[in-house]
Structure formats: structure tokens, C-alpha cells
Amino acid sequence: MIDALISSFLTVLFSIIFLYKWVVIISAILSWVRPDPYNPIVQMLYRLTEPVYAKIRSTIPTTFGGMDLAPLILIFALIFLETFLKSLFF
């Protein structure tokens with residue numbers, strides 16, 4: 001019973017991590033083309049990613065040659081978290 005609950009929780013958590021990685025990727029790609037800031041999808045992506053980017057930027061200097069590396073650092077952190085949890089529980 002407990003194993004099924006933990007397995008279900010981890011499946012949901014891994015799905016959230018997977019989706020959030022795609023949100024970060026899409027947000028980074030959209031930042032290259034300067035989308036309409038009043039578009040609801042752009043606003044949603046901004047609200048989902050910018051607080052985490054701000055936290056990363058305050059901790060680590062992320063600009064390198066005018067390029068923001070916060071999305072890349074976040075994706076690597078999510079991959080690390082996913083790999084760590086998989087090795088811990090499976």
C-alpha cells in the first residue's frame with residue numbers, strides 16, 4: 001500500500017519536472033523573438049519561470065557574453081533532481 005502511494009507520488013513529481021523543463025525551454029526560445037508581452041501564454045510562461053530565474057540570478061552570476069544562462073542552469077538542476085530521486089527510490 002505504501003509502496004504504491006510513493007510510486008504514484010513520484011510518477012506525478014517526475015511528470016511535473018518533465019513539464020517544467022519544457023516550460024523553461026519554450027520560455028527561453030520565446031525570449032529570443034521578443035513576443036507580445038500582453039499575450040496570456042507569454043505572461044503565464046513568465047510567471048512560471050521568472051521567480052526561479054531571479055533566485056538563480058541572485059545566487060550565481062548568470063550572464064555570459066550578453067547571454068542569460070539561468071534557463072540552462074535551471075534545466076541542469078531539474079535533470080539532477082530527477083536523476084537523484086530516481087536513484088534514491090528505484
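How many residues does helix α1 have, and what distance does α1 reach from its first C-alpha to its last? In this predicted model, α1 has 32 residues and reaches 47 Å between those two atoms, close to the 46 Å expected at 1.5 Å a residue. This report describes α1, the loop that follows, and the packing of α2 against its neighbours.

**Helix α1**

The buried residues of α1 are Leu10, Phe14, Ile17, Tyr20, Lys21, Val23, Val24, Ser27 and Ala28, and these residues pack against α2 and α3. An α-helix has 3.6 residues a turn, so residues three or four places apart point the same way.

Three residues of α1 and its following loop illustrate the range of accessibility, together with one further residue of α1.

| Residue | Location | Relative accessible area and class |
|---|---|---|
| Ser27 | helix α1 | 12%, buried |
| Lys21 | helix α1 | 15%, buried |
| Ile25 | helix α1 | 28%, partly exposed |
| Arg34 | loop between α1 and α2 | 74%, exposed |

Lys21 has a relative accessible area of 15% and therefore falls under the 20% limit for a buried residue. Leaving aside neighbours within four places in sequence, Lys21 is in contact with Leu78, Ile79 and Glu82.

Ser27 is likewise buried, at 12% relative accessibility. The side chain of Ser27 is joined to that of Thr49 by a polar contact of 3.5 Å. When residues up to four places away in sequence are not counted, Ser27 touches Leu45, Thr49 and Tyr53.

Ile25, by contrast, is partly exposed. The C-alpha atom of Ile25 is separated by 27 Å from that of Phe90, a residue 65 positions away along the chain.

**The loop after α1**

Arg34 is placed in the loop between α1 and α2, just after α1. Most residues other than glycine have a negative phi. Arg34 has a phi near 55°, a positive value in a residue other than glycine. With 74% relative accessibility, Arg34 counts as exposed.

**Helix α2**

Helix α2 covers residues 40-59 and has 20 residues. The span of α2 from first to last C-alpha is 29 Å, close to the 28 Å expected at 1.5 Å a residue. At the start of α2, a side-chain oxygen of Asn39 comes to within 2.9 Å of the backbone nitrogen of Ile41. Further along, α2 has a kink of about 35° at Thr49, shortly before the proline Pro51.

Which residues of α2 are buried? They are Val42, Leu45, Thr49, Glu50, Tyr53 and Ile56. The buried residues of α2 pack against α1 (2-33) and α3 (70-89). Thr49 thus appears both at the kink and in the polar contact with Ser27 of α1.

**Packing of α2 and α3**

Two packed helices are described by the angle between their axes and the distance between the axes. For α2 and α3, the angle is about 100° and the axes are 9 Å apart. The two helices are therefore roughly perpendicular to each other. On the α2 side, the contact is made by Val52, Tyr53, Ile56 and Arg57; on the α3 side, the contributing residues are Ala70, Pro71, Ile73 and Leu74. Tyr53 and Ile56 are buried and take part in this contact, and Tyr53 is also touched by Ser27.

Definitions and conventions: Residues numbered from 1 in each chain as written. Predicted model: local features only at pLDDT ≥ 70, side-chain atom pairs only at ≥ 80, totals over all residues. Heavy atoms only, no water. Helix = DSSP H or I, 4+ residues; strand = E, 2+ residues; numbered from the N terminus. Expected span 1.5 Å × (residues − 1). Bend = angle between axes of the 7 residues up to and from the residue. Buried < 20%, exposed > 50% of the residue type's maximum accessible area, 1.4 Å probe, protein only. Contact = heavy atoms within 4.5 Å. Polar contact = N/O pair within 3.5 Å; in protein donor to acceptor, adjacent residues only side chain to side chain. Axes fitted to C-alpha atoms, helices over the stretch in contact; angles between N-to-C directions. Parallel < 35°, antiparallel > 145°, perpendicular 65-115°, else oblique.
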